[in-house]
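Me: I'd like a close look at one part of this protein: the salt bridges and what sits around them. Could you walk me through that part and then connect it to the rest of the fold?

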Amino acid sequence: MNVRVQNSKDLPLAVDLDGTLISADLLWESIFQLLKKNPLFLFMLPVWLMAGKAHLKAEIASRVDFDASILPYRQEFLDFLHAEKATGREIVLVTAAAEPFASAVAAHLGIFTTFHASSRDTNLAAHRKAALLVEHFGEGGFDYAGNDRADIPVFKVARAAVVVAPDRTAHRYQQTSGARRFERTKPSWKTYVKMLRVHQWLKNLLVFAPAILAHQITNPEVLLPSLGAFVAFCAAASAIYIINDILDLPLDRQHATKRNRPFANGTLSIPFGLSVSAGLIAVAVVVCVFLPPVFALVIGLYVVSTTAYSLAVKRMLLIDVLCLAGLYTLRIIGGKTAADLPLSFWLIAFSMFFFLSLALVKRYVELQTSKVSERDRIAGRGYRPEDMAIVGQAGIASAFTATLVLSLYIQSQEIIGYYSSPWLIWPLVPIVLYIVIRIWILAYRREMHDDPVVFIATDWRSQIFVALGALLMIAGNFI
């Protein structure tokens, strides 16, 4: 008989890592960090997997950076472990994660007597984990904290189970065994809204700009394709936002507000996010079937460009803001191709300079709030604090260039076909200047939202001036 069974206070507590101690899966996260480092590793993953899951984990772990301090630990359960440790109880980390990851977590928390993890040859999960614990402590000679189907074999050889944020299988086990339970943070509808970045769909309203400016928005043959383009862009954008959030997990967890995103804090899992992303891409593809073929090319270019932005472009000096401005312009081009409207040089030129200015606002605000020293790049970007002045100057110059393009358009022959009183459109120039320069003044004052497009859509002063501009365009058409 195991002597320690006589006194349960002396029994060690073995603790699982993925999904139990942390609300994350380190294998999934490390795969995406590896692909972010170099997408070509995608072709090596199946090669490594052929040698076994343990070999795959070891190869990935040897190639990615890992910071245990930023992981989404389950705080209530972690407090329980600290309390158990304070009584003198032996706490052991036993995980199927790669050994370097387990070592870093154990060193960071400082509550584990020892740890056991997957080696290059052995994937320490399910029955292998159960056999290792029985070998060290004897059957019934330890308690075990786990969370999913793979932990059931370990629960069965432990004296008692602690079930943390269980999946369906672990939930059923807990219900029948009466084991101690720690609940997960359940996602609400707001969680899914945040995952999809629904507020960012405001940017996709740009697809209606060509129909509005061509005075065709009330024409069903133009309105319906424009609505389809809006749906396609929203679906594609949310799909890429999900992938972007998964790729940016380490950076988001170090950010003051982004660490509350559902993937960064572990409320939603990476496999769930990937399935939703795939479904959204499918929605975009179905919409493209009912629109002109050239629209499918625009959406395809948008998806490729946003994916490239997430993987690499966002870290490239100036190329990143030019890409962002181009993505806004792609929405306008998408609206034109979906509704089969003629392409306007003036609208495209105005869009590029206007949205370049707003993209530079984002970088300016990031530079303002960064805490790195000069000559050090801010996290995930190609900019340094000393770049702030030139970024601001470039942004303001782009704003004035956009208004110059607008003024030249108002004076051009092209406008005569759309407006009977073009002189009524002239106030649009100071209106656009007011909106953009005010954003820059607020940015200089450190009072700017980090997304100026959303700011324009939600700021009441900007809304008044946008409405005034719309009234002037209507008046110019009918007076």
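Reply: Here is a walk through the salt bridges, followed by a helix, the aromatic rings, the cysteines and the whole chain.

A word on the ground rules: this is a predicted model, where local features need pLDDT of at least 70, side-chain atom pairs count only at pLDDT 80 or more, and totals for chains, interfaces and linings use all residues. Residues are numbered from 1 along each chain as its sequence is written, and side-chain values use heavy atoms, with hydrogens and water left out.

Let's start with the charges. A salt bridge here is a side-chain nitrogen of Lys or Arg within 4 Å of a carboxyl oxygen of Asp or Glu. By that rule there are 19 salt bridges. One of them joins D16 to K129, with 3.0 Å between the closest N and O atoms. D16 sits in the loop between β1 (13–15) and α1 (26–37) while K129 belongs to helix α6 (residues 126–137), so this pair ties together parts that are 113 residues apart in sequence. Helices (H or I, at least four residues) and strands (E, at least two) are DSSP runs, numbered from the N terminus. D16 and K129 are both buried. For that label, buried means under 20% relative accessible area, exposed means over 50%, and partly exposed is in between (1.4 Å probe, protein chains only).

Next comes R89 with D143, where the closest N and O atoms are 2.5 Å apart. This pair also links distant parts of the chain: R89 is in the loop between α4 (75–86) and β2 (91–98), D143 is in strand β4 (residues 143–146), and 54 residues separate them. R89 has 10% relative accessibility and counts as buried, and D143 is buried too, at 6%. The two belong to a network of salt bridges that links E84, R89, D143 and R159.

Now set that beside R181 and E183, whose side chains meet in a salt bridge at 2.8 Å, N to O. Here R181 is partly exposed at 25% relative accessibility, and E183 is partly exposed at 47%.

From there, move on to helix α5 (residues 99–109). Its buried residues include F101, A102, V105, A106 and L109. Looking down the axis of α5, the buried residues fall within an arc of 130°, so they line one face of the helix. That arc is taken from the directions from the helix axis to the C-beta atoms. As for what covers those buried residues, the list includes α1, α3 (53–61), α4, β2 and β3 (114–118), where a contact means heavy atoms within 4.5 Å. After α5 comes G110, with a positive phi near 70°.

The aromatics are worth a stop as well. Rings of Phe, Tyr and Trp (its six-membered ring) pair if their centres lie within 6.5 Å; planes under 30 degrees apart count as stacked, over 60 as edge-to-face and the rest as tilted. The count comes to 20 aromatic pairs. In one of them, the rings of F80 and F182 have centres 5.3 Å apart and planes at 50°, so the pair is tilted. F80 is in helix α4 and F182 in strand β6 (residues 180–182), which puts the partners 102 residues apart. F80 is buried at 12% relative accessible area, and F182 is buried at 5%.

Y364 and W440 make an edge-to-face pair, 5.6 Å centre to centre with 70° between the planes. They link helix α16 (residues 345–369) to helix α18 (residues 428–444), 76 residues apart, and both are buried. Ring pairs also gather Y328, F350, F354 and F355 into a cluster.

What about the cysteines? A disulfide would be a pair of cysteine sulfur atoms within 2.5 Å, and the structure holds zero of them. For C288, the nearest cysteine sulfur is that of C234, 13 Å away. C288 is buried at 12% relative accessibility. The sulfur of C323 has its closest cysteine sulfur in C234, 19 Å off and too far for a bond; C323 is buried at 18%.

Finally, the whole chain. The protein has 20 helices and six strands, and its C-alpha atoms fill a box of roughly 100 × 50 × 40 Å along the principal axes. Of its 479 residues, 53% are buried. Among contacts between residues at least 6 apart in sequence, 65% join residues at least 24 apart.
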